[in-house]
Amino acid sequence: MELDLAGAELKSVLNRLRRAQGQIAGVIRMIEEGRDCEDVITQLAAASRALDRAGFAIIATGLQQCMADIESGRKNGEDAEQMRARMEKLFLSLA
């Protein structure tokens, strides 16, 4: 299944990924500077949430595309159950 992010969806996902990228760079810098453990973990948790939200946004788009494919009868050789199982596996990979 090809991911088709457009417009606002694409901008939102890219913004979340860039935010996570900046937060990860901040974590690296904090560790190199010997910053307080609590501060490092707080920043790392924020980066993790940003990545999770980007992943869930991508999966939500994928679910919408799968539903549209099922409704239109265009299943790329997969039946509805196979598509559902693949999306569930992707979703659970973020859990």
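**Notes on a three-helix model**

1. What caught my eye is a nonpolar patch on the surface, built from L10, L14, L17, I24, I28 and L51, with about 440 Å² of accessible area together. Helix α1 supplies the largest share of this patch, five residues. Keep in mind that this is a predicted model.

2. L17 is a handy patch member to look at. Its place is in helix α1, and its relative accessible area is 35%. L17 counts as partly exposed because that value lies between the 20% limit for buried and the 50% limit for exposed.

3. Now for the other residues of α1: which of them are buried? V13, A20, Q23, G26, V27 and M30 are. So the helix contributes buried residues as well as five residues of the surface patch. A general point to have in mind when looking at the spacing: an α-helix has 3.6 residues a turn, so residues three or four places apart point the same way.

4. Is α1 straight enough to match its expected length, or does it fall short? The helix covers residues 7-32. With 26 residues at 1.5 Å each, the expected span is 38 Å, and the end C-alpha atoms are indeed 38 Å apart, so the two agree. Right after α1 comes G34, with a positive phi near 70 degrees.

5. N15 also belongs to α1. How accessible is N15? Its relative accessibility is 36%, so N15 is partly exposed. Along the chain, N15 and A54 are 39 residues apart, yet their C-alpha atoms are separated by 8.6 Å.

6. Stepping back to the fold: the protein chain has three helices and zero strands, in the order α-α-α from the N terminus. Taking contacts with a separation of 6 or more, 67% join residues 24 or more positions apart.

7. On burial and surface, 22% of the 95 residues in the protein chain count as buried. The chain exposes about 6,600 Å², and 56% of that comes from carbon and sulfur atoms.

8. Last, confidence. The protein chain averages a pLDDT of 80, and 80% of the residues score at least 70. Which elements sit at the two ends of the scale? Helix α1 has the highest mean pLDDT, 89, while α3 (residues 80-93) has the lowest, 76. For the patch, then, the main contributor is α1, the element with the highest mean.

Conventions:
Residues are numbered from 1 along each chain as its sequence is written. This is a predicted model: local features need pLDDT of at least 70, side-chain atom pairs count only at pLDDT 80 or more; totals for chains, interfaces and linings use all residues. Side-chain values use heavy atoms; hydrogens and water are left out. Helices (H or I, at least four residues) and strands (E, at least two) are DSSP runs, numbered from the N terminus. Buried means under 20% relative accessible area, exposed over 50%, partly exposed in between (1.4 Å probe, protein chains only). Contact means heavy atoms within 4.5 Å. Accessible areas come from the Shrake-Rupley method with a 1.4 Å probe; for residues, only the protein chains shown count as cover. The expected span of a helix is 1.5 Å times one less than its number of residues. Patches are made of residues with over 30% relative accessible area and no salt bridge: like charges are joined within 9 Å, nonpolar side chains (Val, Leu, Ile, Met, Phe, Trp, Tyr) within 5 Å. A salt bridge is a side-chain nitrogen of Lys or Arg within 4 Å of a carboxyl oxygen of Asp or Glu. pLDDT is the predictor's confidence in each residue, from 0 to 100.
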